Amino acid sequence: DAAAALSDDCAVLVGGDGELLEHYRSTVARRGLAGRVHFLGHINDDDLASHFEACDIFCMSSTLRAEAYGVAMLEAMVMGKPIVATDIEGSGVPWVNQHGRTGLNVPAGDSAALAAALHELLADDTRRAALGAAARARYESEFGAQRMTERTLALYRRLLPA
């Protein structure tokens, strides 16, 4: 639904596969969006960076609580991409993607809000670049290997007896 509201020159690339893939393909075909929405299937790790490099925005439009953290958002952040994500209640998604700082969060299941957030960033190169730079900086300060190692060691030190 959000893709239908975007401009005709906007291409939506969907990576991944799963049990609902055929349902989404048929929905896209039925809605006449096959020229705009492209399903890439599983993307190999070796090809992942080039897909992130090519995109303007990373969108995580999940609606299920099973998306508890959003590792794919971290992959986008390390590449300096702004994120538009759905604010899945009870998940870490809005903690990873800080609204207005690293990207935009919209209510889960609200396709109009999702389309509006995507349109807002697609129309503003300067803001998109600033959010992408902030996403990269947040990745480096909070999620990089050095920081994660420091936090893990600090946790072990607290938990293990002297």
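**Notebook: a helix pair and the aromatic rings**

I looked up helix α7 (residues 125-143) and helix α8 (residues 145-159), which pack at an angle of about 30 degrees with their axes 5 Å apart. Because angles under 35 degrees count as roughly parallel, I recorded α7 as roughly parallel to α8. I note that the model is a predicted one.

I then listed the residues that make this contact. From α7 they are Ser 141, Glu 142 and Phe 143, and from α8 they are Ala 145, Arg 147, Met 148 and Arg 151. Sorted by class, the contact has 3 nonpolar, 1 polar and 3 charged residues.

Next I turned to the aromatic rings. I found 2 aromatic pairs in the structure. In one of them, Phe 52 and Phe 58 have ring centres 5.6 Å apart and planes at 55 degrees, so I entered the pair as tilted. I noted that both Phe 52 and Phe 58 are buried.

For Trp 95 and Phe 143, I read ring centres 5.4 Å apart and planes at 85 degrees, so this pair is edge-to-face. The pair links distant parts of the chain, as Trp 95 belongs to helix α5 (residues 93-96) and Phe 143 to helix α7, 48 residues apart.

I also checked the accessibility of these two residues. Trp 95 has 45% relative accessibility and therefore counts as partly exposed. Phe 143, which also takes part in the contact of α7 with α8, has a relative accessible area of 7% and is therefore buried.

Lastly, I looked at the face of the Trp 95 ring. Arg 138 lies over this face, at 5.2 Å from the ring centre.

Definitions and conventions: Residues numbered from 1 in each chain as written. Predicted model: local features only at pLDDT ≥ 70, side-chain atom pairs only at ≥ 80, totals over all residues. Heavy atoms only, no water. Axes fitted to C-alpha atoms, helices over the stretch in contact; angles between N-to-C directions. Helix = DSSP H or I, 4+ residues; strand = E, 2+ residues; numbered from the N terminus. Parallel < 35°, antiparallel > 145°, perpendicular 65-115°, else oblique. Contact = heavy atoms within 4.5 Å. Nonpolar A, V, L, I, M, F, W, Y, C, P; charged D, E, K, R; others polar. Phe/Tyr/Trp six-rings, centres within 6.5 Å; stacked < 30°, edge-to-face > 60°. Buried < 20%, exposed > 50% of the residue type's maximum accessible area, 1.4 Å probe, protein only. Lys NZ or Arg CZ within 6 Å of the ring centre and 35° of its normal.
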